[in-house]
Amino acid sequence: MEAQIAELMELSCEAQLERFRISDPKSPSYVRPECLVYFLRETARDNYEGHFRSLFDLVMARYGKPFRPAEVQREGKTLVDTALSEIRDRATQPFLEKIVADRQFRDGRLDIYEIAFAMAVARDRSDARRAVLRKVQREEPLYFESEDGREVTPAVEKALSDATISDLTTGTDVANDRKRVLTAIDALPEKYRKVATMRMNNLPFESSDPTCVSISGALNCTPKTARARAAEAERRIRVALGLAEQS
Amino acid sequence: MTSTEWTEDAVLEAFLLESSPADALERYLQRYPDYAEALIDLAHEIAFVETRGDAPATSDEDAWIAGAWAKLNAALAPKALTANDWSPTIIQQMQSAFTALPTVVFTCLRDRKVLASTIPQTIMGRLAEILQREVDALKAFLEGPSVLARSAAYKSKTPPKAADKISFEDLLKDAGVSDADRRRLLDGSE
């Protein structure tokens, strides 16, 4: 990141902003969000409000990417999942507070976004989701929206038919398969999402060795319950990916 | 380390900084079973967020960012300082920061009996920090009229009038601050 910062420092404000606006991570000119946060923090020193505003907008656009849209279209109707917008709002609030504290007191709590932006956003999103779901105690899935309309690859389909979530991303287009499965998992109700996450990490349902981690042990449920939840999670993922009918 | 020695927050923070959180999940679940659910949630979020780098903008992105900007501006707007902000806890913090000064110095500042321009910048900065305000907000507060003594209205036949403000140096002398401490404070070395 230091090299990228040094390179960007050589550019004018306008040229920097032009680079910052490139949002495709595959572009060779793409600037990592950690760098954007660095330059956002630097604006506190140069006291140039216009530049701060531009950078703020760009940092927020990156910050907002992991938050799925609250609005989805279903059979010509617009449906709004308020839990999704609440999760984004809840996650954003502490981030804004950290930006304020950083500008006013050079507070160190923004450091993590400059070191590992995606990780920090993941933490914010996790905290926000837990708070919102605790409040609504919802069982219904968050809306799932396929973003690219792609067909599921045969490898994914086969893996799903084998009913093993951990094998879902072994197709030839691993990155895209993984993304689609993770998006489907993200939309699952909490209890299914947890089991699916553990299956994605190849953790066993049960273990006779008490020192070994198992799904039933970690979630404090019986192996039978863990298996039932995994089966239901897999069924819901199949539905979300368009591989099975909604029952 | 066991889960009783680390808070959930500290464990999640450490997990976040692992070079490969996915590989570390099992180890963390083993070490910190009390935080299993939070770790599993975070593991999913990390995996999910990493796939979202090229996600398209949501339809309400502009409005959401504009809302965030408005919130940020409201939070960044300099907040005026009031006498109520000089709570006993804050005055106690000031005493801890300036051990050579007796309480009366801070109550006099609270009552705006001191000329703001005579207070060294370093002291203004530290006081503003304790009050969690900008130095300008503290300066604006101190430049307001000094507070009347509560008994003033009952002891005089003429309308009560605030006493003239004194310099910071005179305040220190009146408060009995030693010469050495006074010099150090006025030099800005404390």
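Tutor: A residue counts as buried under 20% relative accessible area, as exposed over 50% and as partly exposed in between, with a 1.4 Å probe and protein chains only. This is a predicted model, in which local features need pLDDT of at least 70 and side-chain atom pairs count only at pLDDT 80 or more, while totals for chains, interfaces and linings use all residues. Residues are numbered from 1 along each chain as its sequence is written, chains are lettered from A, and side-chain values use heavy atoms, with hydrogens and water left out.

Student: What makes B:Tyr28 and B:Tyr32 buried or exposed?

Tutor: Both B:Tyr28 and B:Tyr32 are buried, so each has under 20% relative accessible area.

Student: Why is the pair of B:Tyr28 and B:Tyr32 called tilted?

Tutor: Ring centres of Phe, Tyr or Trp (its six-membered ring) must lie within 6.5 Å to pair, and planes under 30 degrees apart are stacked, over 60 edge-to-face and the rest tilted. The B:Tyr28 and B:Tyr32 centres are 5.7 Å apart with 50 degrees between the planes, so the pair is tilted.

Student: Why is the pair of A:Tyr113 and A:Phe117 called edge-to-face?

Tutor: Their centres are 6.3 Å apart and their planes 65 degrees, which is over 60, so the pair is edge-to-face. A:Tyr113 and A:Phe117 are buried too, and they belong to one aromatic cluster with A:Tyr63, A:Phe67 and A:Phe95.

Student: How do you know that A:Arg130 and B:Asp41 meet in a salt bridge?

Tutor: The term requires a side-chain nitrogen of Lys or Arg within 4 Å of a carboxyl oxygen of Asp or Glu. The N to O distance here is 3.1 Å, so the pair qualifies. Between chain B and chain A the count is 12 salt bridges.
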